[in-house]
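Biologist: I have a model open and want to learn how to read it. Where should I start?

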Amino acid sequence: ELMKNNNNNNDCRGHLVLVPCPLQGHMSPMLHLAKLLHSRGFSITIILVSSNELNPCQYPEFMFHYMDNIISYNSFGGDVMLYLLMLNNKCTTPFTDSLLTLTKLQFGPVTCVVYDAVMYFSAAVADQLQIPRIVLRTKHDEAEEAIVADFPILRAKDMPVFETSDQEAAENVLAKIHHGTKTASALIWNSLYCLEKSIFNRVKDKISAPIYPICPRLHYNFKNNNNQVITNSSSFKSLMYNGTCSDDDDQSCMSWLDSQPSNSVVYVSTGTVVRVSKSEVGEMAWGLANSEQPFLWVVRPGLVNGSSSNSGLEVLPKGFLEITKKRGKVVQWAPQQKVLGHRAIGGFWTHNGWNSTIESVNEGVPMICWPRIGDQRVNARIVTSVWKVGIELEENNLKRWKVERAVRRLMVDGEGKEIRNRAVKLKENVRLSLGQGGSSSEYLDKLVQFIRLLP
Ligand code: UDP
């Protein structure tokens, strides 16, 4: 099934086929990249795993092609690696069919495949069909070898770990991701040069293909001068939550924030993939309550190990919502980018998913870092020890008093003020790099030039 939207092929500079991974933290950078490349004159086809991932009507400028393969992350019990393995195994044949169909249609030959590093099946297929390919590396876990060598500040315990029931399969997945990345025509690094100079320079020495540090979401928002979030649509939320979310939730978050004093609210989110235990939720809840600071907390369905993906706030301890009614708000989903940009937000208690980390930096919001899996420890370490815009919350053995202390350190104490000042400075550097003549906008120009010159 092919959906043709109003791509204009007459003055097109090339036809790009984009392959995103259907997890929010991966989907969002790829869709923003699609928007940026489309605005530079490329025609874009997005190949999705299944047709209910996105509502194509919201993206009239793209063409969509579906592999009709419904594998839900939620059915893998939080085991990201097994999920990726199944996804890649099942996509090779439909992706080959998609590329062959596309080249036969009137859109002209495919100039290049741009795929998320974790969708490694794309590499073998593109190579076989002799189509150049560019890897979008959305997260840090896709280059951990390079990171250890380059960042003496990282400790052994910071290295990426994946909770998986099949270690061998997980290693196999990682090896395939690395192989695809090393052999691509170019690499897009979802980051900014000004944030990761030293890692970036070292990786550049090791990989012969050109690397472009570009953070599509920040570029897109900067260019459009707003915090429009193009992937937090209700269709994406419905996919994740089986239809229990609506855009009204977004509005209620923002109006609640409007009623709070500036820099007073702790925003709490552990992203879309991480799961926590019921006792951790209890400690989080009472720690927040005892800190006496206002908070906005995203408790997504399926957050707690063993709870069903439809379940809502019943994972919270008894009495918690009544006690914190005046000061706290708990939601199933928040428009995070907009929330972080709100003047009321004073800190972000985060799992340090890479997107959340850079979104926080982009808004000058200091962090309480509570990394859990994958690259999150690496990210947390960069936040606390390189940029120095956050404090660390011990990962294991979460206790309410530790939560309370961390919140008060960041939100109330003098130490917090210093950290906030540094976060504001870092934000200014980020914005400069995104502006005209800034290093990031130059890298984006170079990437566009590179694609235009592909054979
Ligand atoms: N997100 C959001 N609202 C939520 C939770 C998450 O908008 O309530 C977005 C967030 O802005 C980020 C992405 O989902 O862009 C999560 O990606 P990240 O890399 O931080 O973590 P992951 O979910 O992949 O662990």
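Modeller: We take the sheet, then the helix on it, then the ligand shell. Keep in mind that this is a predicted model.

Biologist: How do strands of a sheet pair?

Modeller: Strands pair through backbone hydrogen bonds, either parallel or antiparallel. Here, 6 strands form an open sheet, and the pairing is parallel. The order is 11-10-9-12-13-14.

Biologist: Which are the edge strands?

Modeller: Strand 11 (328–331) and strand 14 (390–392). Each of these pairs on one side only. From one strand to the next, the twist averages 15 degrees.

Biologist: How many bridges join strand 13 to strand 14?

Modeller: There are 3 bridges between strand 13 (residues 367–369) and strand 14, and the two run parallel. Take Ile368: its bridge partner in strand 14 is Ile391.

Biologist: Which strands does helix 13 touch?

Modeller: Helix 13 packs on the sheet and touches strand 9 (265–269), strand 12 (345–350) and strand 13. The direction of helix 13 makes about 165 degrees with that of strand 12.

Biologist: Now the ligand. Which residues come nearest?

Modeller: The ligand has 21 residues around it. Gly25, Gly271, Gln336, Gly353 and Ser356 come nearest.

Biologist: Which helices supply at least two residues of that shell?

Modeller: Helix 1 (24–39), helix 12 (336–340) and helix 13 (354–362). Helix 13 gives the most, with 4 residues. That is the helix that packs on the sheet.

Biologist: What is the make-up of the shell by class?

Modeller: Around the ligand, 12 residues are polar, 8 are nonpolar and 1 is charged.

Note on methods. Residues numbered from 1 in each chain as written. Predicted model: local features only at pLDDT ≥ 70, side-chain atom pairs only at ≥ 80, totals over all residues. Near = placed C-beta within 6 Å. Nonpolar A, V, L, I, M, F, W, Y, C, P; charged D, E, K, R; others polar. Pairing = 2+ DSSP bridges. Axes fitted to C-alpha atoms, helices over the stretch in contact; angles between N-to-C directions. Contact = placed C-beta atoms within 7 Å.
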